[in-house]
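Me: I have a structure to go through and some short questions about its contacts. Can you take them as they come?
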Amino acid sequence: MSELRQARYAVAAVFCVHGSVAGSFATRVPWIQDHASASPGQLGLALAFPAIGASLSMPLAARISHRYGSRTALRGLIALFTLTFVLPSLAPNLVALCAALFVYGATAGMADVAMNALGVEVEQRMGRSILSGLHGIWSVGTLIGSGIGTVAAHLDVSAQLHHAIAAVVLTVVGTTACHWVLDLQPTEEEEAPPRFALPPKSAWLIGAVGFCAVFAEGASLDWSAVYLRDVLTTSAGVAAAATTGFALTMAAARIAGDAVVDRWGAVRTVRISGAVATLGGVLVVLAGHPLVAIAGFGLLGLGVAVVVPLAFAAAGRTGPNASQAIAGVATVTYTAGLIAPSVIGGIAQASNLTVSFILVTLLATGIAAFSAVLRPAGVRDAHLDS
C-alpha cells in the first residue's frame with residue numbers, strides 16, 4: 001500500500017472517530033438536559049458554548065500544527081477531544097454544563113481544522129476530489145455513535161457510563177490511526193500562523209454557504225431528538241432515531257458526494273442540495289406523525305451533506321497555508337453552530353420548536369442562494385465548476 005493511500009485511510013479513520021463523538025453526544029442531549037435540570041431556553045444557551053469554544057480555538061490549530069508538525073498535532077488534538085466529551089454528561093447544573101460544552105467545542109474545533117487540513121493535502125496530492133468522502137466517513141462515525149446512543153437511550157443506560165466507555169475506545173482508535181497520517185513539517189522560511197486573526201474576505205464569502213448548512217445541521221443534530229420527544233410526544237428510543245436517520249442520509253450523500261461533484265460540479269450540486277434541505281425542513285414543520293418528521297430530518301441531512309466539505313475544499317485552495325485558510329472558513333461557518341442552539345432554544349421557549357424549524361427551513365434556502373462562491377475565480381475544474 002502506498003504511503004499516500006495509507007495516509008488517506010488513516011485520516012478517514014480520524015474523521016470517523018470525530019464523527020462518532022458527535023453522534024454519541026447528540027443522541028444523549030435529552031438525558032444531559034434532564035440531568036442538568038435545564039429548560040429548553042437554558043439548553044439552547046448551553047448548546048451555544050461548543051461553537052463559542054470552537055470559534056475561539058480553531059485559529060490555534062494552524063499554530064499547533066506549525067509548531068509540532070501535522071501528525072503530532074492531530075494525535076494530541078484528537079485525544080483531547082475524545083477524552084473531554086465525557087464532561088457534559090457529568091454536569092449537574094447549567095453553569096457546569098456551559099463550561100463543559102465550551103471545552104468540548106474547543107477541542108472539537110481544533111481537531112476538526114487539523115484533520116481537514118490533512119484531508120485537503122491528501123486530496124491535492126492525489127489530484128482528485130476525496131474531501132466529501134472523508135466527511136462521509138465522519139457521518140458514518142456519527143451514525144455509529146448515534147446508533148449506539150439510540151440503543152443506550154432505549155436501555156436507559158446513563159450518558160455518563162455510555163460516554164466514559166466510548167471515550168476510552170475512541171481515544172485508542174484515534175491516536176493509533178494518527179500514526180499513518182501525513183507528517184507535514186513547516187519550512188524554515190514559513191512564518192508561524194497568528195494565534196488569532198479575523199477571517200479574510202474570501203473566508204467570509206465561502207463561509208456564508210457553510211453557515212447556512214451548519215445552522216441546519218446543528219439544529220437537526222442537537223434538536224431532532226428533543227423535537228420528536230416534545231412536539232410529537234414519542235419515546236426516547238424513537239426520538240433518538242430521528243438523529244440516526246439524519247446521520248444516515250448525511251453519511252450516504254457524503255460517501256457518494258465525490259462522484260456527484262465530479263459529474264455536476266460544486267455549484268450545481270450545492271444548489272440542488274439547498275432545495276432538498278428546504279423540502280426536508282418543510283416536512284419537519286408540517287409533520288403530524290413521527291415518521292414524517294424522521295423523513296424530514298433525513299432530507300435535511302441529505303441536503304446539507306456535501307456543503308461543508310466543498311466549502312473546506314474551496315478554502316484549502318485559496319492560499320499557501322491550508323490549515324489557516326480552513327480555520328478562517330470554519331470560524332465563519334461554525335458561527336452558525338454558535339447561533340443556532342440559542343436561537344432554536346429561544347424561539348422554542350417563546351413559542352415552540354415548530355416555529356424554530358421554520359427558521360431552519362428559511363436558512364436552508366440560503367445554501368442555494370450563495371452556492372456560486374464555491375467556484376474560485378479562474379478555476380474551471382470539473383468538480384469545482386458549475
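Reply: Yes. One term to begin with: a polar contact is a pair of N or O atoms within 3.5 Å, where within protein one must be able to donate a hydrogen and the other to accept it. The model is predicted.

Me: Fine. Which backbone oxygens lie 3.5 Å and 2.3 Å from a polar atom of the side chain of Arg 254?
Reply: The backbone oxygen of His 135 is at 3.5 Å, and that of Ala 305 is at 2.3 Å.

Me: Is Arg 254 buried or exposed?
Reply: Buried, because its relative accessible area is 2% and the cut-off for buried is under 20%. Arg 254 is found in helix α11, residues 236-264.

Me: And what does Arg 254 form a salt bridge with?
Reply: With Glu 217, the closest N and O atoms being 3.9 Å apart. Arg 254 lies in helix α11 and Glu 217 in helix α10, so the salt bridge ties together parts 37 residues apart in sequence. Glu 217 also counts as buried, at 10% relative accessibility.

Me: What else does Arg 254 touch?
Reply: Leaving out residues up to four places away in sequence, its contacts include Ser 132, Gly 133, Trp 138, Val 304 and Pro 309.

Me: How many salt bridges does the count come to?
Reply: The count comes to 4. One of them joins the side chains of Asp 34 and Arg 229, at 3.8 Å from N to O. That pair links distant parts of the chain, with Asp 34 in helix α2 and Arg 229 in helix α10, 195 residues apart.

Me: Which residues are joined with Arg 229 into one network?
Reply: Asp 34 and Asp 230, through salt bridges that share partners. The side chains of Asp 230 and Arg 229 meet at 2.9 Å, N to O. Asp 34 counts as exposed at 52% relative accessibility, while Arg 229 is partly exposed at 23% and Asp 230 is partly exposed at 38%.

Me: Changing topic. How many residues does the largest nonpolar core have?
Reply: It has 110 residues, and those with the most contacts inside it are Leu 228, Phe 297 and Phe 357. Helix α10 gives the most to this core, with 15 residues. Phe 357 touches Phe 297, and among its other contacts are Trp 223, Tyr 227 and Val 284.

Me: Which residues make the nonpolar patch on the surface?
Reply: Leu 56, Leu 87, Leu 90, Phe 102 and Val 103 make a patch of about 400 Å². Helices α6 and α7 each supply at least two of its residues. Leu 56 is found in helix α4 and is exposed, with a relative accessible area of 51%.

Methods:
Residues numbered from 1 in each chain as written. Predicted model: local features only at pLDDT ≥ 70, side-chain atom pairs only at ≥ 80, totals over all residues. Heavy atoms only, no water. Patch = residues over 30% accessible without salt bridge, like charges linked within 9 Å, V, L, I, M, F, W, Y side chains within 5 Å. Areas by Shrake-Rupley, 256 points an atom, 1.4 Å probe, with all protein chains shown as cover. Helix = DSSP H or I, 4+ residues; strand = E, 2+ residues; numbered from the N terminus. Buried < 20%, exposed > 50% of the residue type's maximum accessible area, 1.4 Å probe, protein only. Contact = heavy atoms within 4.5 Å. Core = buried A, V, L, I, M, F, W, Y, C linked by side-chain atoms within 4.5 Å.
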